Amino acid sequence: MADNKVLLITGASSGIGAATARAAAAEGWSLALAARSTDKLAALVDEIGADRAHAIPCDVTDFEDQRRMVDAVLDRFGRLDAVFANAGTGGQPGGFSGAPVDSWRKMVDVNILGVAYTLRATLEHLKASRGHLVITGSIAGRRTLPGSMYSATKWAVSAIGYGVREEVKGSGMRVTLLEPGMVDTPFFDEPKPDALRPEDVARSVAFALSQPPGVDLHELVVLPTPPTEG
């Protein structure tokens, strides 16, 4: 159990982030839950309990907002032991020849810069606590998807994961790059019955965080079982 340890989750209001908050609370973590959706955050805090969870409105594309987020974590809990850099967004169809270019900027701002800002805002505190950084990448950051700027941003997230691990080597920190396949979340407009559920990915985060200090789980690729044929 992680009693009294503090986990910060970005993109915490729904999907993987919210499922991870529930799983981590069951393991004894105190939770700082960050997202733009204040109503959903408030409902999640009510569900988990205000003694265990604290909502922090934050736009991950704004570095100063992320700095304020970390200040709020320290003001509330006095420490930071783990960070789940989970906020992300998808694009629109059309590929490089037809997708709206504004959707590209949004993905770069959230998926790449948002993660980088989270690292900048939290690394000194994670080094001090010899803590754990978990980053949500994607199987799309390991495989080429035709015409997908989303895939390109997740390749960048993979590079961030590899790079920050080398940067903090020897500090006592651990870094886990989580790379799920398709997950049935509000990310999609329609249900995806053959996809992973947010709870499936949350168990993987909880597993990584539960490892003893001498175990550094570098990467977790989590895919749905292929549908049974015949």
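This passage describes three helix pairings and one pocket in a predicted model.

Two packed helices are described by the angle between their axes and the distance between the axes, and each pairing is introduced here in that way. A convenient place to start is helix α1, which spans residues 15-26, together with helix α2, which covers residues 38-48. Their axes lie 11 Å apart and meet at an angle of about 20°. Angles under 35 degrees count as roughly parallel, so α1 is roughly parallel to α2. The handedness of the α1 and α2 crossing is right-handed. On the α1 side, the contact involves A18, A21, R22 and A25, and these meet L44, E47 and I48 of α2. By residue class, the contact of α1 with α2 holds 5 nonpolar and 2 charged residues, with no polar ones.

The next pairing brings in helix α5 (residues 101-129), which packs with helix α3 (residues 63-77) at an angle of about 35°, the axes being 9 Å apart. The crossing of α3 and α5 is again described as right-handed. From α3, the residues in contact are F63, Q66, R67, V70 and L74, while α5 contributes G114, Y117, T118, R120, A121, T122 and H125. The contact of α3 with α5 divides into 5 nonpolar, 5 polar and 2 charged residues.

Helix α5 also packs with helix α6, which runs over residues 149-167. Here the angle is about 15° and the axes are 9 Å apart, which means that α5 is roughly parallel to α6. The crossing in which α5 passes α6 is right-handed. On α5, the contact is made by W104, M107, V108, N111, I112, V115, L119 and L123. Their partners on α6 are M149, Y150, T153, A156, V157, I160, V164 and E167. Sorted by class, the residues of the α5 and α6 contact comprise 13 nonpolar, 2 polar and 1 charged.

Turning from helices to open space, the second largest pocket of the model has a volume of about 380 Å³. A total of 18 residues line this pocket, and those nearest its centre are K5, W29, R174, L209 and Q211. The lining of the second largest pocket is made up of 7 nonpolar, 6 polar and 5 charged residues.

Methods: Residues are numbered from 1 along each chain as its sequence is written. This is a predicted model: local features need pLDDT of at least 70, side-chain atom pairs count only at pLDDT 80 or more; totals for chains, interfaces and linings use all residues. Side-chain values use heavy atoms; hydrogens and water are left out. Axes are lines fitted to C-alpha atoms, for helices over the stretch in contact, and angles run from 0 to 180 degrees between N-to-C directions. Helices (H or I, at least four residues) and strands (E, at least two) are DSSP runs, numbered from the N terminus. Angles under 35 degrees count as roughly parallel, over 145 as roughly antiparallel, 65 to 115 as roughly perpendicular and the rest as oblique. A crossing is left-handed if the near helix is turned anticlockwise from the far one by less than a right angle, and right-handed if clockwise. Contact means heavy atoms within 4.5 Å. Ala, Val, Leu, Ile, Met, Phe, Trp, Tyr, Cys and Pro count as nonpolar, Asp, Glu, Lys and Arg as charged, and the others, Gly among them, as polar. On a 1 Å grid over the protein atoms alone, a cavity is a set of points where a 1.4 Å probe fits but cannot get out, and a pocket is an open set with protein on both sides within 12 Å along at least five of seven lines; lining residues have an atom within 4 Å of a point. Grid points are joined across faces, edges and corners, and a volume is the space filled by probe spheres set on the points.
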